[in-house]
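Welcome! Open your viewer, and let us take a short walk through this structure together, one selection at a time.

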Amino acid sequence: MSTANKSRILWADDEIDLLRPHILFLEQKGYAVTPVPSGADALEQVQAQPFDIVFLDENMPGMTGLEALAQIKALRPSQPVVMITKSEEEHIMEDAIGSKIDDYLIKPLNPNQILLSVKKILDARRLKEEKTNMGYQQDFRNLAMAYNDRIGHEEWADIYKKLVYWELEIDRTPNRQMGEVIYMQKDEANANFAKFIEDEYEDWLNDPKAERPLMSHRMMQERVFPLLKGAQEPVWFILIDNLRLDQWKVLQPALEEMFRLEEESHYYSILPTATGFARNAIFSGLLPSEMAQRHPNLWVGDDEEEGKNLHEEEFLRLQLDRVAATKGLKMSYHKILNTEAGKQLADKLGNLWGNALNVIVYNFVDMLSHARTETAMIRELAPDESAYRSLTQSWFAHSPLQEILAKIAAKGGRVVITTDHGTIRVRRPFKIVGDRAVNTNLRYKGGRNLGYDDDGTVLAVRKPERFFLPKPNVSTSYVFAKADYFLAYPNNYNHYVQYYKDTFQHGGISLEEMIIPFVVMKGR
């Protein structure tokens, strides 16, 4: 192997001559080693050329290893460094670890110990990718066999969680070699999941004996209200709209630094998986047709111009009063639509601890998905699923929501984090015709005179009452897009398809839209 292709190691030690056997051992293993006798020489070498790894003796005269480490990291923040020392004193280890070393070795050194450290650092990414790809390949067949069997809603949730796990693991590998494979498997899983929903959803709503999952309209009464019973402090219910399971998983590590995880589960969004239906079902405790019948002054149909989610607080108060255990309970409701509103809520958070329930609806992820559709710059920033998750993570790290949660955690508060529905990246158009009164959502349509080829691509609902959907006209029907299809009108078809393809949409039937994260945490 030529020197140009070898991994380059810089080794700084004031007794470097005594380490010659170890250096020869590494060179025989195919590494190019540059030995220097001081921290100052190490810094000079790092300034002059790149190294794959730096070994630093902690106790060198002149510039110590820790001093050299600080200057090397200032020059090259991502430089892998191994600290070597004779001392096992705790404060030295803490100083080195705090300075972001990659490994720590104690003299006397063993050749295999050194080689293991080098491989762990230099080969970690390659080895992780190989292990991840092998693990997914082994699980690929098991997953495929599982979703081709006749399984229930819990098994489908397990499959989705496994797919998300592998998607995130593959995302962390340098080359993402299995990225296209996991996408194809998710697509196949979604096709089978849509058949499952087509077979089961109607029974979930109508058959008392049906094996049904927890759904939007029952979530507050079954999962949130029980947390209020006998509680000495408020429950903070935080609904981050459009928050998919994979987005929750990338936020989870930051939140677990502040909170202890008490429950991590899921529920199913009702259809349509759209804010006006799913979120209102959460807060009202009712299905859409029940809302329209019982509260016509609050329900806003698809055929009306008014915003569909302007009455969430009223719906929630009515639900609280309808349940004996929560009747008259003191609560607050906050909808955060921009950064300034988030900052204002963070500032007055201390005033809300006297309530039994504090509800916060945070709108960023929904705005992100719409901005990605409408803004070229956001499309560039989030061209795929991985970047979309990364943008969510970056937003949270710098958002008032992070500050709000940190303040709640600091007082040991209990938090519920969930969402109303997820989104799916749409790829394939499906032609549909409708009149002017039909809603504009790309994943479902509701109204009269819907025209389309009924080839199984969509779920057609000709009896809306069986799906507990409003039926303003005798001929009203609904159509739901499955998997990653989106509904496109024939007029100006090519422009329409080009504009909306690869955007994140909701309202239809997919694992991403329907299986929702539900998390309970307590401040540490």
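## First stop: leucine 442

Start by selecting leucine 442, and then show the residues that it touches: leaving aside residues up to four places away in sequence, these are Phe486, Leu487, Tyr496, Tyr500 and Gln505. Keep in mind that what you see is a predicted model.

Is leucine 442 buried or exposed? Its relative accessible area is 6%, and because buried means under 20%, leucine 442 counts as buried.

Now colour the neighbouring stretch of chain. Select 428-431 for strand E12 and 444-447 for strand E13; leucine 442 sits in the loop that runs between these two strands.

Next, add aspartate 453 to your selection and draw a distance between C-alpha atoms. Aspartate 453 is eleven residues along the chain from leucine 442, and their C-alpha atoms are 17 Å apart.

## Second stop: the whole chain

Zoom out and switch to a cartoon view. The protein chain holds 20 helices and 18 strands. If you turn the C-alpha trace along its principal axes, it spans about 90 × 55 × 45 Å.

How much of the chain is buried? Of the 524 residues, 54% are buried. Turn to contacts next: taking those between residues at least 6 apart in sequence, 73% link residues at least 24 apart.

## Last stop: surface and charges

Show the surface now. About 24,100 Å² of the protein chain is accessible, and carbon and sulfur atoms account for 49% of that area. Finally, colour by charge: there are 63 positive and 76 negative side chains, with 4 Å between the centres of the two sets.

How values were computed: Residues are numbered from 1 along each chain as its sequence is written. This is a predicted model: local features need pLDDT of at least 70, side-chain atom pairs count only at pLDDT 80 or more; totals for chains, interfaces and linings use all residues. Side-chain values use heavy atoms; hydrogens and water are left out. Helices (H or I, at least four residues) and strands (E, at least two) are DSSP runs, numbered from the N terminus. Buried means under 20% relative accessible area, exposed over 50%, partly exposed in between (1.4 Å probe, protein chains only). Contact means heavy atoms within 4.5 Å. Accessible areas come from the Shrake-Rupley method with a 1.4 Å probe; for residues, only the protein chains shown count as cover. Lys and Arg count as positive and Asp and Glu as negative; His and the chain ends are not counted. The place of a charge is taken as NZ of Lys, CZ of Arg, CG of Asp or CD of Glu.
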